[in-house]
Amino acid sequence: MSLSASGQIAIKGIVHDEKGPLPGASIVVENTTTGTSTLQDGTFTLELYKGQFYLIVSYTGYKPRKIRVIVSKPQELDIVLEENTRELDEVVVSG
């Protein structure tokens, strides 16, 4: 965890459920195009400037989470997602 040459601070973390890591989960800074996806082991890194941000964390089949992050120093996040148990309202048919 470090401060980059551009003055941004590294925010690292892992996204998982009760069974283990979630590779390919999306982490986006709310109302921006800044974001990343988790690696195969569920980990991610975002470089952000000091300030307060909301991260939107999502993964197919899981409830999205909105997490408030105050960036003042490097930190590590442990993000747990819950399965979305609602039934799907759509049917996809391909032919």
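## Salt bridges and an open sheet

The side chains of K63 and E82 come together in a salt bridge, at 3.7 Å from N to O. K63 lies in the loop between strand 6 and strand 7 while E82 lies in the segment after strand 8, so this pair ties together parts that are 19 residues apart in sequence. Bear in mind that this is a predicted model. The K63–E82 contact is one of three salt bridges that the structure holds, and there's also an open sheet of four strands to look at.

**The salt bridges**

- Let's finish with K63 before moving on: its relative accessible area is 38%, so K63 counts as partly exposed.
- Next up is K19 with E83, whose side chains meet in a salt bridge at 3.3 Å, N to O. This pair links distant parts of the chain, 64 residues apart: K19 is in the loop between strand 1 (9-17) and strand 2 (20-21), and E83 is in the segment after strand 8 (75-80).
- How exposed are the two partners, K19 and E83? K19 counts as exposed because its relative accessibility is 67%, and the cut-off for exposed is over 50%. E83 comes out at 38% relative accessibility, so E83 is put down as partly exposed.
- Then there's E30 with K66, another side-chain salt bridge, at 3.1 Å from N to O. Again the pair links distant parts of the chain: E30 sits in the loop between strand 3 and strand 4, K66 sits in strand 7, and 36 residues separate them.
- E30 has a relative accessible area of 27%, so E30 is partly exposed.
- As background, side chains of opposite charge can pair when their charged atoms come close.

**The sheet**

- In what order do the four strands of the open sheet run? The order is 4-3-6-7, and the pairing is antiparallel.
- Strand 4 (35-37) and strand 7 (65-71) are the edge strands, each pairing on one side only.
- From one strand to the next, the twist averages 20°.
- Strand 3 (residues 26-29) pairs with strand 6 (residues 51-58) in the antiparallel sense, over four bridges. Here V29 stands opposite L55 of strand 6.
- Strand 6 and strand 7 also run antiparallel, and seven bridges join them. In this pairing, Q52 stands opposite I70 of strand 7.
- Strand 6 and strand 7 form a hairpin, with six residues between them. Check the backbone at G61 in the turn, which has a positive phi of about 90°.

**Rings and charges**

- K66 turns up here as well: its charged end sits over the ring of Y54, 4.9 Å from the ring centre. That's on top of the salt bridge that K66 makes with E30.
- How many aromatic pairs does a search of the whole structure find? The search finds one.

**A histidine in strand 1**

- H16 is found in strand 1. Is H16 buried or exposed? H16 is buried, because its relative accessible area is 18% and the cut-off for buried is under 20%.
- Leaving out residues up to four places away in sequence, H16 touches P21, L22, D78, I79, V80 and L81.

Key:
Residues are numbered from 1 along each chain as its sequence is written. This is a predicted model: local features need pLDDT of at least 70, side-chain atom pairs count only at pLDDT 80 or more; totals for chains, interfaces and linings use all residues. Side-chain values use heavy atoms; hydrogens and water are left out. Two strands pair if DSSP finds at least two bridges between them. Helices (H or I, at least four residues) and strands (E, at least two) are DSSP runs, numbered from the N terminus. Axes are lines fitted to C-alpha atoms, for helices over the stretch in contact, and angles run from 0 to 180 degrees between N-to-C directions. A salt bridge is a side-chain nitrogen of Lys or Arg within 4 Å of a carboxyl oxygen of Asp or Glu. Buried means under 20% relative accessible area, exposed over 50%, partly exposed in between (1.4 Å probe, protein chains only). Contact means heavy atoms within 4.5 Å. Rings of Phe, Tyr and Trp (its six-membered ring) pair if their centres lie within 6.5 Å; planes under 30 degrees apart count as stacked, over 60 as edge-to-face and the rest as tilted. A charge sits over a ring if NZ of Lys or CZ of Arg is within 6 Å of the ring centre and within 35 degrees of the ring normal.
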